[in-house]
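Trainee: I am new to this structure and would like a close look at one part of its interior. Please take a single residue as the starting point and work outwards from there.

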Amino acid sequence: MKGDRVSSYNQNNIVDEIKSRCNIVDVIGRVVPLKKAGSNFKGICPFHNEKTPSFVVSEQKQIFTCFGCGASGDVIEFVKRYRNVDFMGAAESLAEEYGISLEGTFRGNKDKDELYEINRQAARFWYRKLRSEANPGYEYMQKRGISNDVLNKFGIGYAQDSWQELYNHLTSMGFAPKKLLELGLIAKSEKTGRYYDKFRNRVIFPIMNTGGKIIGFSGRIIGDGEPKYLNSRESGIFLKKNNLYGLNMAVKEVRNQDRIILVEGQMDVVSLYQSGIRNVSASLGTALTENQARLIKRYTGNVILSYDADNAGQKAADRGIDILYSEGLIAKVMKVSQGKDPDEFVKANGREAFLELADNAEAYGDFKIRRVASSYDLKDNQQRVQFIDECVGILRKMKPVEADIYIKKLAMDYGISEAAVRNEYNITREPGVATNYRSHNKEAAKKVTMSETEADLLKLAILEEKYVRAIREAEVSPFDSEMAKSIFEGICRLDKDTGTIDMVILADMMEGEQIDALRHVQSRIVPNGNEDRMFSECMRQKEKERLEGEERLLRDSLSLADEEENQEEIFEIMNKIKELQRKLKLF
């Protein structure tokens, strides 16, 4: 209890200290334009969408209040909300900015400081290795055209092909192996109990938070091998979903230009930076997350995705632009016409050509509709119908004014009646009944937790009994989602009992979100006379997805396998991956 009282006392003291040193108008004014209004300041609330300012900051009382959404509090509360951090994170941020010591204020703070220090020492060790003697890491970066100045600015280093070099260095400095394990700098052999370095024969990219602290590392292998990039494990100071590589270097330019360019990898960031493009950042080996979108929103409302031109890169852009759009950001996608990735393009064509592509990036609606159009033969009338149906799903996610613009554009660009597109946009189909109201809003769409391919298979199963039998006799079920499985089970029960599908009875068997999903299935369009072809294509697509899923799992297993002990297992996994890749080439 005594310790709790002391901790509470210190915490109260530090809050008072922060409030006395931080002017709330200065802190908020850096991210929210404020105008003097009597004795207070007013601006547009950053916590909800509004056009008329209802956000008031009192310099005298050192508090903020929004009369629109009800948000209110002191300077620490504002930082908590705006940066999406907890109390400790907000206090640490303000204390660091204003030179206030937090030592002893929060329990666990010393542990965090030690983790940061270990990462700092590891980064220094690898930094010196890249520069101390001839090595494959330095040669690789020279071949990629990266100057010494840029190598130094990003703190790039090299981990030699050695099993215990970093381990020996850090433990000689007094750091405990369990701390190195926690950060993912080393691993431990279960068989021998011996520790060994995780990063070997790799160019090392330190990952820093916006405060400049090293929170983790990404290592790019020299030559061939898996995984190509190895990231630090997540820890008490590092969560991939909450951070972006290079953002600490980009913040100033992002604010100046009021836009950020997102790329896929660390080398793209470094190469573009060297070319004079400084408002650039990258996700950390995973798909773009909502938290990363919110992080970006602190600095700008405009995002340009510049992902690889290959199919995987464009799929990532498709997913990423949806995340950004749902978070209220203005997102566009660059069309990199030459070269596989931004790094190759800027080296071949230069900074100005790259910036011209950025200026002409596709808006959300243009990109989404073009992606959909590329998957259909628009000379075929039935496929044109399916194309419009899918486009209408995109339109329903837009704001009404934006949707109205794209309804007109869709009709003009693809030679379709605007009235027909608008009619499809304004209606939703109940099982067997057309209605005059929209229910395909964002919340309803979330309830349909199945893929479009699964929905098409269910629609075919409803139409003809032979497809029910074919699905049941398939070696592997084509349904992955629980929603699709539950609807198909209902179809099977009706098929067995009555020989026909009575939609009223089937709907009565469903409840809650299942009803919304069933409506979605019923709205799917099946081209008359092409049912068998559609069924075959759907089953083929699901088989492809299954094989791709198996490949992903094997690659995950490969990255987790102990390189010292599991050579036979690694060889077996790699052979399985090759076999899956051979099968996937047939699709």
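**Around Leu185**

Mentor: Leaving aside residues up to four places away in sequence, Leu185 touches Ile118, Asn119, Ala122, Trp126, Leu166, Leu170, Leu180, Asp197, Lys198, Phe199 and Phe217. The model is a predicted one.

Leu185 belongs to the largest nonpolar core, which has 60 residues. Within that core, Leu185 is one of the residues that touch the most other members, together with Trp126, Met141, Ile156, Phe217 and Tyr245. Two of these, Trp126 and Phe217, are also among the residues that Leu185 touches. The element that gives the most to this core is helix H5, residues 109–132, with eight residues. A second core of 44 residues is separate from it and includes Ile260, Ile296, Ile369 and Leu410.

Two other contacts of Leu185, Leu166 and Leu170, lead to helix H8, which spans residues 165–172. Both are buried there, as are Tyr167 and His169. Viewed along the axis of H8, the buried residues fall within an arc of 165 degrees, so they line one face of the helix. The general background is that an α-helix has 3.6 residues a turn, so residues three or four places apart point the same way. Just after H8, Gly174 has a positive phi of about 100 degrees.

To recap, Leu185 touches Leu166 and Leu170, and these two are buried residues of H8.

Conventions: Residues numbered from 1 in each chain as written. Predicted model: local features only at pLDDT ≥ 70, side-chain atom pairs only at ≥ 80, totals over all residues. Heavy atoms only, no water. Core = buried A, V, L, I, M, F, W, Y, C linked by side-chain atoms within 4.5 Å. Buried < 20%, exposed > 50% of the residue type's maximum accessible area, 1.4 Å probe, protein only. Helix = DSSP H or I, 4+ residues; strand = E, 2+ residues; numbered from the N terminus. Contact = heavy atoms within 4.5 Å. Arc of directions from axis to C-beta.
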